[in-house]
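Work through the following exercises with the model open beside you, and try each task before you read its solution.

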Amino acid sequence: MKVIVVGAGVVGTMHAWHAVERGHEVVHIEREAEARGASLRNFGQIWVSGRAGGEELDTALRARELWEGIGARVPGLGFRAIGSLTPVRNELERAVAEAAAARPDAAARGYKLLTADEARAVNPALRGEFEAALWCERDAAVEPRTAQLALREALLATGRYTFLPDREVRDVVGEHAVRDDRGETHSGDAVVLCTGAWLSGLVREVAGEIPVRRVRLQMMQTDPLGEPLTTSVADADSFRYYPAYASGALDALNADQAQDPTAAAHRMQLLMVQRLDGGLTIGDTHEYEHPFAFDTLEDPYEHLTRVVESFLGRPLPRIRRRWAGVYAQCVDTTRVVHRQKVRDGVWLVTGPGGRGMTCSPAIAETTANELGW
């Protein structure tokens with residue numbers, strides 16, 4: 001079988017990976033020299049902890065298993081089973097953490113409520129003031145800026161994979177084929193369009209208006225911290241954002257503890273991961289209204305800096321990079337992904353939202369199973 005994959009972000013690359021793993025030939029087409037979108041502009045987190053129970057959690061757990069296996073074969077991914085800590089500062093926040101730790105699926109997530117001293121034993125860099133922390137053992141990390149490059153190198157080594165950069169697919173030609181902007185037609189037994197946040201042009205032509213929206217975020221990265229940050233770190237605003245934390249305790253938190261005005265205005269949470277070079281990737285914001293701003297705003301960065309410094313108990317290293325990114329998210333956020341047959345033999349897979357890096361191996365595996373690869 002020959003599979004044509006359009007889009008070299010993490011979702012497209014994982015579709016290519018599963019096709020090659022099953023013995024098929026893959027032609028992988030990317031409109032830029034390499035992927036430049038949300039697949040690189042994220043935390044590199046394999047984020048199990050906040051996922052909704054049911055299909056979303058099952059997908060994340062399966063993806064976590066796949067990431068670990070692929071990471072053992074492709075060291076360039078930088079896979080680390082680091083877990084995460086979410087420090088809490090008061091009884092309202094602690095009650096939400098306690099409710100999460102009491103979920104029926106808490107063991108599957110690796111949830112455990114730790115005292116402040118226990119949390120510092122797990123992550124000694126957290127020298128700031130907090131009362132307790134929610135530990136999630138199943139969370140992990142990879143290096144987002146290099147993961148697709150490492151996967152591509154491994155795919156090329158199989159001899160069954162061809163990468164065609166700097167080609168924008170302009171048309172779906174009949175069944176099982178696409179035409180690029182160089183006038184070349186690429187035919188196969190199946191075509192998978194993994195176009196990320198590119199929802200106009202070809203996608204609109206072949207699929208119409210789909211129930212997927214674009215979301216913009218701001219993030220930053222620091223110089224090396226100078227010491228290990230042994231886990232990823234979130235703050236209690238993540239309780240307000242992720243569905244796993246829905247509970248009466250969260251209702252009480254929302255009613256009785258106002259979110260910081262800057263965090264509320266920009267729909268913020270803190271997520272933080274240390275890169276292999278020692279720097280910290282820190283974010284993020286969420287912007288849903290179009291047209292998106294074309295500039296990055298300083299207030300969210302200042303808020304994140306204050307929160308991080310309060311957990312670390314020390315000044316943040318110099319900010320090395322700031323950036324904005326855009327990802328595609330299903331309007332119905334309970335859906336893991338939008339998977340649509342748009343022609344015989346042609347499928348569109350998009351809209352995982354902030355779950356893309358976490359869930360992409362399992363999303364691609366499901367596509368491969370459903371298409372009978």
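**Exercise 1.** In this predicted model, find what covers the buried residues of helix H2.

*Solution.* Begin by locating helix H2, which runs over residues 55-73. Next, mark its buried residues, which are Glu 56, Leu 57, Thr 59, Ala 60, Ala 63, Arg 64, Leu 66, Trp 67, Ile 70 and Gly 71. Then look at what lies over them: the cover includes the helices H1 (10-21), H4 (106-109), H6 (147-156) and H12 (356-370), together with E3 and strand E7 (140-141). Finally, check the length of H2, whose 19 residues reach 27 Å from the first C-alpha to the last, close to the 27 Å expected at 1.5 Å a residue.

**Exercise 2.** Decide whether Asn 42 is buried or exposed, and describe its surroundings.

*Solution.* Asn 42 sits in the loop that lies between strand E2 (25-29) and strand E3 (45-46). Its relative accessible area is 14%, and because buried means under 20%, Asn 42 counts as buried. Turning to its side chain, we find that it reaches the backbone oxygen of Ala 38 at 2.8 Å and the backbone oxygen of Ser 39 at 2.8 Å. If neighbours within four places in sequence are left aside, Asn 42 is in contact with Pro 144, Met 219, Thr 281 and Met 357.

**Exercise 3.** Work out how helices H3 and H9 are oriented towards each other.

*Solution.* Helix H3 (residues 91-101) and helix H9 (residues 248-256) pack with their axes 8 Å apart, at an angle of about 160°. Since angles over 145 degrees count as roughly antiparallel, H3 is roughly antiparallel to H9. The residues making the contact include Leu 92 and Val 96 of H3, and Leu 250 and Leu 253 of H9.

Methods:
Residues are numbered from 1 along each chain as its sequence is written. This is a predicted model: local features need pLDDT of at least 70, side-chain atom pairs count only at pLDDT 80 or more; totals for chains, interfaces and linings use all residues. Side-chain values use heavy atoms; hydrogens and water are left out. Helices (H or I, at least four residues) and strands (E, at least two) are DSSP runs, numbered from the N terminus. Buried means under 20% relative accessible area, exposed over 50%, partly exposed in between (1.4 Å probe, protein chains only). A polar contact is a pair of N or O atoms within 3.5 Å; within protein, one must be able to donate a hydrogen and the other to accept it, and residues adjacent in sequence count only if both atoms are side-chain atoms. Contact means heavy atoms within 4.5 Å. The expected span of a helix is 1.5 Å times one less than its number of residues. Axes are lines fitted to C-alpha atoms, for helices over the stretch in contact, and angles run from 0 to 180 degrees between N-to-C directions. Angles under 35 degrees count as roughly parallel, over 145 as roughly antiparallel, 65 to 115 as roughly perpendicular and the rest as oblique.
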